[in-house]
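Thanks for asking me to look this over with you. Here are my notes, written as numbered points so that you can follow along on screen.

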Amino acid sequence: MTSKLPTTILYIEDDRASQVLVKRVLGSQGYNVIVAKEGLEGITLAKQNLPQLVLMDINLPNMDGREITTRLRSLPHFENTPIVALTANNSPGSRELALAAGCTGFLTKPIDVATFPDEVKKYLQGHQEELSPYEQNRHLKQYAQAVVERLENKVRELEKANRDLETANQRLRDLDKLKSDFIVLVSHELRTPLTLVSGYAHLMEDNLKTAGDFVSTDFIKGLSEGLNKGIARMEEVVNEIINVSRIASGSLDLSMGPVKMGELIQASYKEFAQICNQRTLNLEFHCDDNLPVIEADGKRLKAAIDHVLSNAVKYTPDGGSIKLSLRVLDNAIDITVADTGIGIPLDKQRKIFEQFYTLGDIAHHSTSKSAFQGGGLGLGLAIAKGIIEAHNGRIWVESERRDHHTLPGSVFHILIPIRQVTFSQSLSY
Ligand code: ADP
């Protein structure tokens, strides 16, 4: 005795409640109901299961029910398989559009549980709703236009997604280059002081061997100065990395207190006057009288300003000049560092404040902090920006372009808001 296989019905529907109801109603009549929740899944299940009838919701994500129907009609098994639209949308024209797209019939939701199985049976037995040739033509045209319009929108979406992907890829490539450059720079920055330390250690060893107990104190003094210089530079590099990671993770802790900005900048000016002297750079200093005492982290603020000054020294050739000015502007202290150096290209003026961003070829990198175009880790301005923003301040640069011959120069602006201080606190600088 052969048992007859149950009739398979594929129901393409994204609404869970409708899926359950139809499955229960048709299941109780002995049908094997399989469900797909969107078009592509529906087409795959249709190909795998070759159902005897398809029930098709119309409003579906991605492809709509009409488009799925048109696609199914192009598959050999589905040329004549009943595909019945089952939709809550019975606005004028929606039945005709569904039929023009290839549906065999049109049923509306919610289903009438009592009559639904009979209606399905009718379609299984060959019932077909017809459109007049005129109606068929009219709605086919309308349907084709809608499909092409959707196609156009999809192409636009894809193009946009491609562009977004390309931007994201470019960003990844940039990050990857930054990472490799950073590794090269850090090893370079550490190797120089390391060579210094190792050189002095060897000198000490050799001298102990030859001079024994008669090593002169002058010699030891020279050694320890050299060693300390190397160690201090290594500490500086490590601190820069720690600082930038603190800024990136938002955990830079400020030690706030009253700060006399005039004195703070004066101290920087004195330190840099020496360096500028060696480099034959003319350093000018202008400061408003009676600058207010502000609440800030003096040490960190000085480090930020020193970094901008150090860049002005590094990117200005010998014979140039640097002007450091300090004045009160509305409710802020306005610090400017103007140089007559090589300048910064317009399109890089934001980027230089990003971590690890070093303009120029790292192959020409030198670790000098004061030589013309001496390099760094590309962290200085990111740290300066982090410190200034932690004080609710702003830093930016103005420059016409980069040109090593005409030397257009750069002007860095730093604005630090003035906050009222309670004078019982001790000065932090
Ligand atoms: P670096 O360690 O490379 O100096 P910074 O973060 O301090 O890193 O600066 C980033 C880049 O900005 C530098 O590599 C340099 O090209 C550019 N730059 C900074 N200051 C100046 C300046 N005053 N003049 C010209 N270029 C500058």
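The points below cover the ligand site and then two helix contacts.

1. A word on the ground rules. This is a predicted model, in which local features need pLDDT of at least 70 and side-chain atom pairs count only at pLDDT 80 or more, while totals for chains, interfaces and linings use all residues. Residues are numbered from 1 along each chain as its sequence is written, and side-chain values use heavy atoms, with hydrogens and water left out.

2. Please start at the ligand. It is surrounded by 21 residues, each with a heavy atom within 4 Å of it. The closest are His-307, Asn-311, Asp-339, Gly-378 and Leu-381. By class, this shell holds 10 nonpolar, eight polar and three charged residues (Ala, Val, Leu, Ile, Met, Phe, Trp, Tyr, Cys and Pro count as nonpolar, Asp, Glu, Lys and Arg as charged, and the others, Gly among them, as polar).

3. Next, the atoms that face the ligand's oxygens. A backbone N or O atom of Leu-381 is 2.9 Å from a ligand oxygen, and one of Gly-380 is 3.4 Å from a ligand oxygen. From Tyr-315, a side-chain N or O atom lies 3.2 Å from an oxygen of the ligand. The protein covers 99% of the 530 Å² of accessible area that the ligand has on its own (Shrake-Rupley method, 1.4 Å probe).

4. Which elements give two or more residues to the shell around the ligand? They are α9 (298-314), α10 (380-390) and β12 (410-417), where helices are DSSP runs of H or I with at least four residues and strands are runs of E with at least two, numbered from the N terminus. Helix α9 gives the most, with four residues.

5. Now to α1 (residues 16-27) and α5 (residues 116-124), which pack at about 75° with their axes 10 Å apart. The axes are lines fitted to C-alpha atoms over the stretch in contact, and angles run from 0 to 180 degrees between N-to-C directions. That makes α1 roughly perpendicular to α5 (65 to 115 degrees). Val-22, Val-25 and Leu-26 in α1 meet Phe-116, Pro-117 and Val-120 in α5, with contact taken as heavy atoms within 4.5 Å. By class, this contact has six nonpolar, no polar and no charged residues.

6. Finally, α3 (residues 65-73) and α6 (residues 133-211) have axes that come within 11 Å and cross at roughly 100°. So α3 is roughly perpendicular to α6. Here Arg-66, Glu-67 and Thr-70 in α3 meet Tyr-143, Val-147 and Arg-150 in α6. This contact has two nonpolar, one polar and three charged residues.

Notes. Angles under 35 degrees count as roughly parallel, over 145 as roughly antiparallel, 65 to 115 as roughly perpendicular and the rest as oblique. A polar contact is a pair of N or O atoms within 3.5 Å; within protein, one must be able to donate a hydrogen and the other to accept it, and residues adjacent in sequence count only if both atoms are side-chain atoms.
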